Structures are given as structure tokens and as C-alpha cells.
Amino acid sequence: MNDTSIEFTSFTQSILKDLQKKLGDNYSVFSHHVKKNNGIELTGIVAKRKGCNTSPTFYINDFYKPDITREETRKIADMLYDHFQAAEFEDDLDLSQFIEFDKAKENLAFKLIHAEKNRELLKLVPHKLFHNLAIVFYYTVQEAPFYGKGAILVYNNHMKHWEISLDTLYHTAFKNTPVLFPSIIENMQEVMRGILMDGIEDDILCVKDTEELLDEVCMQELAETKMPMYVLTNKQKLYGASCMLYPGVLRAFAEKIQRDFYILPSSVHEVILVPANADTDRDALCEIVTEINRTQVAEEEVLADSVYFYSKSMDKVLWIS
């Protein structure tokens, strides 16, 4: 570590000091530790405007490096200042509906997380197990500026306050979630084309040349796996792995392709469906999941290093590895 580098605690304090100076006395700037999925703990920076009950949180862990300098820290603070200005809430967020179950129940939903990696969290929240996963529940904030992207995890004390049973919470969330977050299934090639299209500027290539390039790249990527793949998620692409539990979704897909299929949990936000063939290499599927989780997914968004199997005849999801 060089003479001008700083430790993470000093790094955090420097950002807080710089942000407070830039934002002024009308803001309260502070850091707090947030426990995320899979037991990951991150340091978040909050800039709360006086008189406003809500503020965005920006996490700084990925910005830090052992040899970071004071000058680099100032630049990060400048960037965060711009982010706070862009994301600032104009009005208070009304969460009064969350207090009463009769009002909150319309916005209760469920998501899937890994059971073992979140064993400490599961002591505090109502849940049901699904193989090596856990179904947990949250209140989805449907007002501006979130519109479904903000979530409040439901804890045991919330359920106690509402005076409801786990079954009531479960059935309420299972009724709501497919309506609030409708499922979609897309061919992997189309998904990849969409991702690549987002990264290509219109003024670099003409539309025809762009699409030809995308088709070539997508076919090359898919050819490496030698198996058709489909992505199951929801329209918001938020906690979309839960769609594998929506009533009738997997059965309808099996009817469409007329065969069983494997389910690869690529993240908490989506799963990959792979039609089953006699020569399907299950070990290769496990390697694909592990590779995705290690190289393509943030640690707090990993669902499981597992492979599941949907049996058309049984209309059931089996955990096979």
C-alpha cells in the first residue's frame, strides 16, 4: 500500500465528508451496513434531505481497492453526488398501507433465495422451503418513483403485528405475484440479441449490418452449448426466478415443447430452461450454472449452484443436483 492510499473505513469517511460538503446543511449524509441476500454485507451511503422520509442508498464496496488514493476518492464522491441529485425523491414516500394487513395484502409478493446461505435471515422472516431454496415474502412499493422496484422484506414481527398465519401470507403472495409480476419466456438467442443491441450505438452500424452481426454472435455463443435454451423471468426482470412456482407456467412450457426440461437457476432474477434429450449431459449443465454464478452474477444475486428438472408427467419440479 502506498503512502497516499487509505483503508476502507477512512475511504468511507472521506466520501461522507466530501458529500456532506457538496450537498450542504439541508442534508444528512451517513453510512450504514446492509445485509443483502446470501449473507453479503455491504456499506451503503445515504444522503437524506431534511423533511423527506426517503432517500436512495448507493453501495460503495465495489469502488474500493487497497491502493485507492485520496484523489480517486474525491472523484467517487463527485460521481455519487451526481447520482444522488438524479435519484432524489421530490415527495415523501407513503408507507402507511404497509401497517395494516387489509391494505398491505394487495402488494404482497414472494421471491426465492438460497436456504442454507440465508439460514440466519430465515430465523427472522416467515418462509417456506422449496428443495434447497426458500420462499420469502415482501411488500412491493407500487408508487413513484419505484413502481414495483422497491421492496420491504416481511419479517416475523410484521406477520405478528398483522395477526395473520404463514398460510395466509403464503396464499396472499401466491395470488398476487403472477399478477404484479407477469412471467415471460424468451428464447436465449433473442435475449442475447437484446443485450447486444443495448450496447451498440446507432451511428456505428446500419440496422441491417447490426442485426447480421448480432445473429452471427448469438449463433456462435449458442453453438458452444449445443443445446436450446430459454429464459424464464418476469416482465420487470426483478426476482423473476420465482416464476418457476407460478401455477401452470412450467406445465404450459412443457406442453409447448412436448418434453421435460431442466431448470438452471442463473440468478434470483431468472432461470434458464433447457429441453431434455436422451443425450443431455447433466454434468455439463451443473458446470454452466457454476460458471454463470462465479463469473456473471453478483454474489448477492446468486440463487443456487443446482440443477432442477421438470417432469411433464408428474407436473413437478425435482432437485437433481
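**Figure 1. Phe8 and Phe11 pair within helix α1 of this predicted model.** Both residues belong to α1, which spans residues 8-23. They are 3 residues apart, about one turn of the helix. Their rings form a tilted aromatic pair. The centres lie 5.7 Å apart, and the planes meet at 45 degrees. The partners are covered to unlike extents: Phe8 is partly exposed, with a relative accessible area of 24%, whereas Phe11 is buried at 0%.

**Figure 2. Phe11 also pairs with Tyr64.** This pair is tilted too. The centre-to-centre distance is 5.2 Å, with 50 degrees between the planes. Here the pair links distant parts of the chain, 53 residues apart. Phe11 sits in helix α1, while Tyr64 lies in the loop between β3 (57-59) and α2 (70-87).

**Figure 3. Rings of Phe98, Phe101, Tyr139 and Trp162 are linked into a cluster.** Ring pairs make the links. How many aromatic pairs are there in the model? The count comes to 16.

**Figure 4. Two charged side chains sit over aromatic rings.** In one panel, the charged end of Lys22 lies over the ring of Tyr81, 4.7 Å from its centre. In the other, the charged end of Arg282 lies over the ring of Phe309. Its distance from that ring centre is 5.9 Å.

**Figure 5. Helix α9 has its buried residues on the same side.** The helix covers residues 249-257. Its buried residues are Val249, Leu250, Phe253, Ala254 and Ile257. They span an arc of only 130 degrees around the axis, and therefore lie on the same side of α9. What do they pack against? Six strands serve as partners: β8 (183-187), β9 (230-234), β10 (261-267), β11 (270-275), β12 (308-311) and β13 (316-319). Just after the helix, Gln258 takes a positive phi of about 60 degrees.

**Figure 6. Phe261 is one of the residues with the most contacts to other members of the largest nonpolar core.** This core holds 46 residues. Met244, Phe261 and Ile263 touch the most other members. Strand β6 (residues 133-141) supplies the largest share, 6 residues. Apart from this core lies another, of 16 residues. Among its members are Leu264, Ala276, Val307 and Phe309. In soluble globular proteins, nonpolar side chains tend to be buried together.

**Figure 7. Phe261 touches residues from several stretches of the chain.** Residues up to four places away in sequence are left out of the contacts shown. Leu250, Phe253 and Ala254 are among the residues touched, and these three are also among the buried residues of α9. Further contacts of Phe261 include Leu273, Val274, Pro275 and Ala276. Tyr308, Phe309 and Tyr310 complete the set. Phe309 is also the residue whose ring lies under the charged end of Arg282.

**Figure 8. His114 is a buried residue of strand β4.** The strand covers residues 108-114. The relative accessibility of His114 is 12%, under the 20% cut-off, so the residue counts as buried. Which residues does His114 touch, not counting those up to four places away in sequence? They are Asn38, Asn132, Leu133, Leu303 and Ala304. Asn37 is 77 residues from His114 along the chain, yet their C-alpha atoms are separated by 8.5 Å.

**Figure 9. His131 and Lys237 have positive phi values.** Most residues other than glycine have a negative phi. Phi of His131 is near 55 degrees. His131 is found in the loop between β5 (127-130) and β6. Its relative accessibility is 35%, and it counts as partly exposed. Phi of Lys237 is likewise near 55 degrees. Lys237 occupies the loop between β9 and α9. With a relative accessibility of 47%, Lys237 also counts as partly exposed.

**Figure 10. The whole chain sets the context for the close-ups.** The chain has 10 helices and 13 strands. Of its 321 residues, 43% count as buried. Among contacts between residues at least 6 apart in sequence, 63% join residues at least 24 apart. The chain exposes about 17,900 Å². Carbon and sulfur atoms supply 50% of that area.

Key:
Residues are numbered from 1 along each chain as its sequence is written. This is a predicted model: local features need pLDDT of at least 70, side-chain atom pairs count only at pLDDT 80 or more; totals for chains, interfaces and linings use all residues. Side-chain values use heavy atoms; hydrogens and water are left out. Buried means under 20% relative accessible area, exposed over 50%, partly exposed in between (1.4 Å probe, protein chains only). Helices (H or I, at least four residues) and strands (E, at least two) are DSSP runs, numbered from the N terminus. The arc is that of the directions from the helix axis to the C-beta atoms. Contact means heavy atoms within 4.5 Å. Rings of Phe, Tyr and Trp (its six-membered ring) pair if their centres lie within 6.5 Å; planes under 30 degrees apart count as stacked, over 60 as edge-to-face and the rest as tilted. A charge sits over a ring if NZ of Lys or CZ of Arg is within 6 Å of the ring centre and within 35 degrees of the ring normal. A nonpolar core is a set of buried Ala, Val, Leu, Ile, Met, Phe, Trp, Tyr and Cys residues joined through side-chain atoms within 4.5 Å. Accessible areas come from the Shrake-Rupley method with a 1.4 Å probe; for residues, only the protein chains shown count as cover.
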